[in-house]
Amino acid sequence: MNYTKADLARIQIDRAVELYLEHGDLVCASTLAGAAEEMLGNIAKAQGGESLLGMIHRELEDEFEKFSDLSAAVNWFRNELKHSRDYPSLQAEVEFTEADCALLLYRAIVMFPKVANQTTPAMRQCWKYLRENHQRLFG
(Lines give C-alpha, C1' and ligand atoms only; values in the text may rest on other atoms or scores of the structure.)
Protein backbone atom coordinates (compact mmCIF):
# COMPACT_ATOMS: atom_id res chain seq x y z
CA MET A 1 0.00 0.00 0.00
CA ASN A 2 1.29 3.47 -0.86
CA TYR A 3 0.79 6.54 1.30
CA THR A 4 1.65 10.16 0.74
CA LYS A 5 3.63 11.85 3.49
CA ALA A 6 0.51 13.97 4.10
CA ASP A 7 -1.46 10.75 4.64
CA LEU A 8 1.17 9.42 7.04
CA ALA A 9 1.27 12.61 9.09
CA ARG A 10 -2.54 12.85 9.17
CA ILE A 11 -2.86 9.23 10.29
CA GLN A 12 -0.22 9.69 12.98
CA ILE A 13 -1.75 12.89 14.33
CA ASP A 14 -5.33 11.67 14.23
CA ARG A 15 -4.37 8.46 16.04
CA ALA A 16 -2.33 10.43 18.57
CA VAL A 17 -5.41 12.57 19.25
CA GLU A 18 -7.56 9.47 19.70
CA LEU A 19 -5.05 7.85 22.04
CA TYR A 20 -4.74 11.05 24.08
CA LEU A 21 -8.38 12.14 24.31
CA GLU A 22 -10.15 8.79 24.37
CA HIS A 23 -7.63 6.50 26.08
CA GLY A 24 -5.32 8.76 28.08
CA ASP A 25 -2.32 7.03 26.46
CA LEU A 26 0.30 9.74 26.80
CA VAL A 27 3.23 7.59 25.68
CA CYS A 28 1.86 6.43 22.32
CA ALA A 29 0.16 9.77 21.65
CA SER A 30 3.47 11.56 22.28
CA THR A 31 5.43 9.18 20.08
CA LEU A 32 3.04 9.52 17.15
CA ALA A 33 2.64 13.30 17.45
CA GLY A 34 6.41 13.75 17.76
CA ALA A 35 7.07 11.62 14.68
CA ALA A 36 4.51 13.53 12.61
CA GLU A 37 5.78 16.93 13.74
CA GLU A 38 9.39 16.02 12.94
CA MET A 39 8.45 14.74 9.47
CA LEU A 40 6.35 17.85 8.76
CA GLY A 41 9.15 20.15 9.90
CA ASN A 42 11.62 18.42 7.60
CA ILE A 43 9.19 18.69 4.67
CA ALA A 44 8.53 22.37 5.41
CA LYS A 45 12.28 23.07 5.37
CA ALA A 46 12.74 21.08 2.14
CA GLN A 47 10.01 23.21 0.53
CA GLY A 48 11.81 26.42 1.51
CA GLY A 49 9.70 27.00 4.61
CA GLU A 50 10.51 26.74 8.25
CA SER A 51 9.92 24.18 10.97
CA LEU A 52 8.00 25.18 14.06
CA LEU A 53 11.22 25.10 16.06
CA GLY A 54 12.83 27.40 13.51
CA MET A 55 10.00 29.88 14.03
CA ILE A 56 10.31 29.59 17.81
CA HIS A 57 14.09 30.02 17.63
CA ARG A 58 13.71 33.35 15.84
CA GLU A 59 11.58 34.55 18.77
CA LEU A 60 13.91 33.17 21.46
CA GLU A 61 17.36 33.93 20.03
CA ASP A 62 18.23 35.90 23.17
CA GLU A 63 17.65 32.81 25.31
CA PHE A 64 18.97 30.21 22.87
CA GLU A 65 21.85 31.58 20.82
CA LYS A 66 22.22 28.32 18.90
CA PHE A 67 19.31 26.48 17.33
CA SER A 68 20.77 23.20 18.58
CA ASP A 69 20.41 24.39 22.20
CA LEU A 70 16.71 25.11 21.72
CA SER A 71 16.20 21.85 19.86
CA ALA A 72 17.91 19.86 22.63
CA ALA A 73 15.79 21.55 25.28
CA VAL A 74 12.39 21.10 23.65
CA ASN A 75 13.03 17.74 21.96
CA TRP A 76 14.60 15.92 24.89
CA PHE A 77 11.42 14.06 25.78
CA ARG A 78 10.53 13.16 22.19
CA ASN A 79 14.07 11.99 21.49
CA GLU A 80 14.27 9.95 24.68
CA LEU A 81 11.10 8.10 23.61
CA LYS A 82 12.70 7.34 20.23
CA HIS A 83 16.36 6.77 21.01
CA SER A 84 16.92 6.34 24.77
CA ARG A 85 20.32 8.03 24.49
CA ASP A 86 20.40 9.69 27.89
CA TYR A 87 19.12 6.69 29.86
CA PRO A 88 19.89 3.50 27.89
CA SER A 89 18.53 1.09 30.45
CA LEU A 90 15.21 -0.72 30.68
CA GLN A 91 15.15 0.10 34.38
CA ALA A 92 15.61 3.85 33.82
CA GLU A 93 12.58 5.91 34.77
CA VAL A 94 11.56 8.78 32.54
CA GLU A 95 9.30 11.40 34.07
CA PHE A 96 6.85 13.16 31.84
CA THR A 97 3.52 14.81 32.27
CA GLU A 98 0.35 15.36 30.31
CA ALA A 99 1.80 18.77 29.41
CA ASP A 100 4.71 17.06 27.61
CA CYS A 101 2.22 15.12 25.49
CA ALA A 102 0.04 18.19 24.93
CA LEU A 103 3.03 20.18 23.71
CA LEU A 104 3.88 17.54 21.11
CA LEU A 105 0.26 17.48 19.97
CA TYR A 106 0.23 21.28 19.71
CA ARG A 107 3.39 21.18 17.62
CA ALA A 108 2.07 18.52 15.23
CA ILE A 109 -1.33 20.17 14.86
CA VAL A 110 0.27 23.55 14.12
CA MET A 111 2.61 22.10 11.48
CA PHE A 112 0.10 19.94 9.62
CA PRO A 113 -1.89 22.77 7.98
CA LYS A 114 1.31 24.71 7.27
CA VAL A 115 2.52 21.83 5.10
CA ALA A 116 -0.66 20.02 4.01
CA ASN A 117 -3.02 23.03 3.82
CA GLN A 118 -5.75 21.19 5.69
CA THR A 119 -6.83 19.96 9.10
CA THR A 120 -9.06 17.14 10.26
CA PRO A 121 -11.99 17.02 12.67
CA ALA A 122 -9.76 15.19 15.18
CA MET A 123 -7.12 17.92 14.97
CA ARG A 124 -9.73 20.64 15.46
CA GLN A 125 -11.25 18.73 18.40
CA CYS A 126 -7.85 18.34 20.05
CA TRP A 127 -6.94 21.99 19.43
CA LYS A 128 -10.18 23.03 21.13
CA TYR A 129 -9.52 20.69 24.07
CA LEU A 130 -5.95 21.93 24.49
CA ARG A 131 -7.07 25.57 24.36
CA GLU A 132 -9.80 24.93 26.93
CA ASN A 133 -7.34 23.11 29.21
CA HIS A 134 -4.28 25.26 28.57
CA GLN A 135 -4.21 26.75 32.08
CA ARG A 136 -4.51 23.34 33.74
CA LEU A 137 -1.83 21.83 31.52
CA PHE A 138 0.72 24.62 31.46
CA GLY A 139 -0.12 26.70 34.53
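**A walk through an all-helix model**

Start by selecting W76, which sits in helix α4, residues 67-83. Keep in mind as you look around that this is a predicted model. Show W76 with its surface on: its relative accessible area is 30%, so it counts as partly exposed. Now bring up what W76 touches beyond four places in sequence: S71, D86, Y87 and V94. For a longer hop, put a distance line from W76 to D100. The two are 24 residues apart along the chain, and their C-alpha atoms lie 10 Å from each other.

Next, zoom out and colour by secondary structure. You should count seven helices and zero strands, and reading from the N terminus the order is simply α-α-α-α-α-α-α. Turn the C-alpha trace around: along its principal axes it spans about 35 × 35 × 35 Å. What radius of gyration does the protein have, and what would a compact globule have? The protein has 15 Å, and a compact globule of 139 residues would have a value near 14 Å, so the two agree. If you draw contacts between residues at least 6 apart in sequence, 64% of them join residues at least 24 apart.

Switch on the full surface. About 8,500 Å² is exposed, with carbon and sulfur atoms supplying 50% of that. Buried residues account for 35% of the 139.

Now go inside. Nonpolar side chains tend to be buried together in soluble globular proteins. Here the largest nonpolar core has 31 residues, and I13, Y20, L105 and L130 are the members touching the most others. Helices α1 (5-23), α2 (26-46), α5 (98-116) and α6 (121-132) each put in at least two residues. Which helix gives the largest share of this core? Pick α5: eleven of the core residues come from there.

Centre on Y20 and show its surroundings. Setting aside neighbours within four places in sequence, Y20 contacts D25, L26, A29, E98, C101, A102, L105, C126, Y129, L130 and L137.

Stay with α5 and check its length. Its 19 residues, at 1.5 Å each, should span 27 Å, and the end C-alpha atoms are indeed 27 Å apart, so expectation and model agree. Step off the end of α5 and you land on N117, where phi is positive, near 60°.

Last stop: I11, back in helix α1. Is this residue buried or partly exposed? Its relative accessibility is 37%, so I11 is partly exposed. Draw one final line from I11 to R85: 74 residues separate them along the chain, and 27 Å separates their C-alpha atoms.

Note on methods
Residues numbered from 1 in each chain as written. Predicted model: local features only at pLDDT ≥ 70, side-chain atom pairs only at ≥ 80, totals over all residues. Heavy atoms only, no water. Core = buried A, V, L, I, M, F, W, Y, C linked by side-chain atoms within 4.5 Å. Buried < 20%, exposed > 50% of the residue type's maximum accessible area, 1.4 Å probe, protein only. Helix = DSSP H or I, 4+ residues; strand = E, 2+ residues; numbered from the N terminus. Contact = heavy atoms within 4.5 Å. Expected span 1.5 Å × (residues − 1). Rg over C-alpha atoms; globule rule 2.2 N^0.38 Å. Areas by Shrake-Rupley, 256 points an atom, 1.4 Å probe, with all protein chains shown as cover.
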